[in-house]
Amino acid sequence: MLRNEPSLPGGLRRCIVIADTWGKPMDTTGSQEPDAAAALRNDLEAFWLPFTPNRLFKRAPRLVAGAKDMHYFTPEGRAVLDGAAGLWCCNAGHNREPIVAAVARAAAQLDYVPAFQFAHPQAFALASRIAALAPGDLDYVFFCNSGSEAVDTALKIALAYHHVRGEGARTRLIGRERAYHGVGFGGISVGGIASNRKFFGTLLTGVDHLPATYSREHQAFTAGEPDWGAHLADDLERIVALHDAATIAAVIVEPMAGSTGVLPAPRGYLERLRAICDRHGILLIFDEVITGFGRLGHAFAAERYGVTPDLVAFAKGVTSGAVPMGGAIVRRSVYDAFMRGPERTIELFHGYTYSAHPLACAAALAALDLYRDEGLFARARRLEAPFAEAAMTLKGLPGVLDVRSVGLAAGIDLAPRADAAGARGYEAMERAFRDEDLMIRITGDTLAVCPPLIATEAQIGEIFDKLSRAIRATN
Ligand SMILES: Cc1ncc(COP(=O)(O)O)c(C=O)c1O
């Protein structure tokens, strides 16, 4: 007996059938009934969903059982337009045949090999491809499995870099308010979201934060980078004066803060940060977990802004979301600093069991081929203007406080309900999914739209039409 059966939508029982017939053709007719054992295994109770109100979700689950290109398919066979590239990751669209085939081939040929003391050829091929896409002398790639690990890897390399050069007093890390750098202790320490920090103790010590770059007063309804706000980079000079440059290892920023609502760097901001870091021997890290692999119309946002950081954290789009993978790209000078001393010594005491996993490498190489062969980064550049225009049609809807867009990403702030922060955003997401067959992303009362880069202009129009109806329905 399903514990929460009474309030389940009709699709759930059919979903159970699908889950139990995985690998066989999908039955979306609902003609089969699950046996009791299958029902027990799938009563929705055991899975503790991340960043989700679990009890609310389990009362009325939003389930997805398949995907292709721009669409998800629910267990009952509804096609849901993907306005969020999964979770900012499926940049080439879903279940693309070359990626599926590459992963299947890899799984059959080499399931696993350690990256400690051993390696497989595709890991080197992929590192070379990623280094070639990255600007300047960002020439070396350290692999991990997620954006959170990528951030922690970049922070650790930055700390160790100063240590191996004899500047071990440089231990401070500078993040930014409203930043999201994943959920590792490093990431939440330099991150700037109170609810991601306040439950978890003292975090890393010696961390300071730049101010957030968003101001509704100065930036509302901006398409592209806002003109106001470059001066906020100068706050780094205040932090340097307070702590002394000799104690600061690195500054980490997202070139465009995605998770907190699409906040692009103000014009000139990143250049100013770069100059201040250079003046004081501080490493600059770009967290490109969202902006990497095309979201802003380039392989990396560093290229869009003409600013080369010392390290780049990446994940998500590297495999188009098909297999977990992340990593840190580092400049030659950073890598070289470690390549001293006797050759027998391990240069960096860091790594993961699944660093450069063969399935992830295969998925990434196939995804990079698709990005290249279909010109998807240039496509995102071409679509930026019509996308922004479509996003701005939401301006003037009741309860819409701001719409921002950059590349193929838009953030929409809704007016919070009195005493119920986040309720309107949640309702908009829920209505979009159930009533409009559209998947979007929310953070509180802020909505994000970031479709796969294969979206057509017509599909972009469809996304914002659907979203407009969902937003209206929340009023
Ligand atoms: C900028 C940024 N950094 C890090 C992360 C964490 O990535 P993951 O969820 O793969 O750990 C995210 C996830 O959205 C992100 O947007």
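**Helix crossings and a ligand pocket**

The crossing of helices H5 and H15 is right-handed. This is a predicted model, and H5 is a good place to start looking around. H5 covers residues 97-109, and its axis comes within 8 Å of the axis of H15, with the two crossing at roughly 155°. Since angles over 145 degrees count as roughly antiparallel, H5 is therefore roughly antiparallel to H15.

H15, which spans residues 358-373, also has H6 for company, a helix made of residues 121-133. Here the axes come within 9 Å and cross at roughly 40°. That angle makes H6 oblique to H15. As for handedness, H6 goes past H15 in a left-handed crossing, whereas the crossing of H5 and H15 is right-handed. So much for H15; another pair of helices comes next.

Helix H16 takes in residues 376-392, and helix H18 takes in residues 457-473. The axes of H16 and H18 come within 9 Å, and the crossing angle is roughly 20°. Angles under 35 degrees count as roughly parallel, so H16 and H18 run roughly parallel to each other. Their crossing is right-handed.

Now for the ligand. Going along the chain, the residues around the ligand start with Ser146, Gly147 and Ser148, followed by Tyr180, His181 and Gly182. Glu254 and Ser259 surround the ligand as well, together with Asp287, Val289, Ile290 and Lys316. Sorted by character, this shell holds three nonpolar, six polar and three charged residues.

Some members of the shell can be tied to oxygen atoms of the ligand. For glycine 147 the backbone is involved: one of its N or O atoms sits 2.8 Å from a ligand oxygen. With lysine 316 it is the side chain, where an N or O atom lies 3.0 Å from an oxygen atom of the ligand. The side chain of serine 259 also takes part, with an N or O atom 3.4 Å from a ligand oxygen. How much of the ligand does the protein bury? On its own the ligand exposes 390 Å², and the protein buries 84% of that.

Technical notes
Residues are numbered from 1 along each chain as its sequence is written. This is a predicted model: local features need pLDDT of at least 70, side-chain atom pairs count only at pLDDT 80 or more; totals for chains, interfaces and linings use all residues. Side-chain values use heavy atoms; hydrogens and water are left out. A residue is near a molecule or strand if one of its heavy atoms lies within 4 Å of it. A polar contact is a pair of N or O atoms within 3.5 Å; within protein, one must be able to donate a hydrogen and the other to accept it, and residues adjacent in sequence count only if both atoms are side-chain atoms. Accessible areas come from the Shrake-Rupley method with a 1.4 Å probe; for residues, only the protein chains shown count as cover. Ala, Val, Leu, Ile, Met, Phe, Trp, Tyr, Cys and Pro count as nonpolar, Asp, Glu, Lys and Arg as charged, and the others, Gly among them, as polar. Axes are lines fitted to C-alpha atoms, for helices over the stretch in contact, and angles run from 0 to 180 degrees between N-to-C directions. Helices (H or I, at least four residues) and strands (E, at least two) are DSSP runs, numbered from the N terminus. Angles under 35 degrees count as roughly parallel, over 145 as roughly antiparallel, 65 to 115 as roughly perpendicular and the rest as oblique. A crossing is left-handed if the near helix is turned anticlockwise from the far one by less than a right angle, and right-handed if clockwise.
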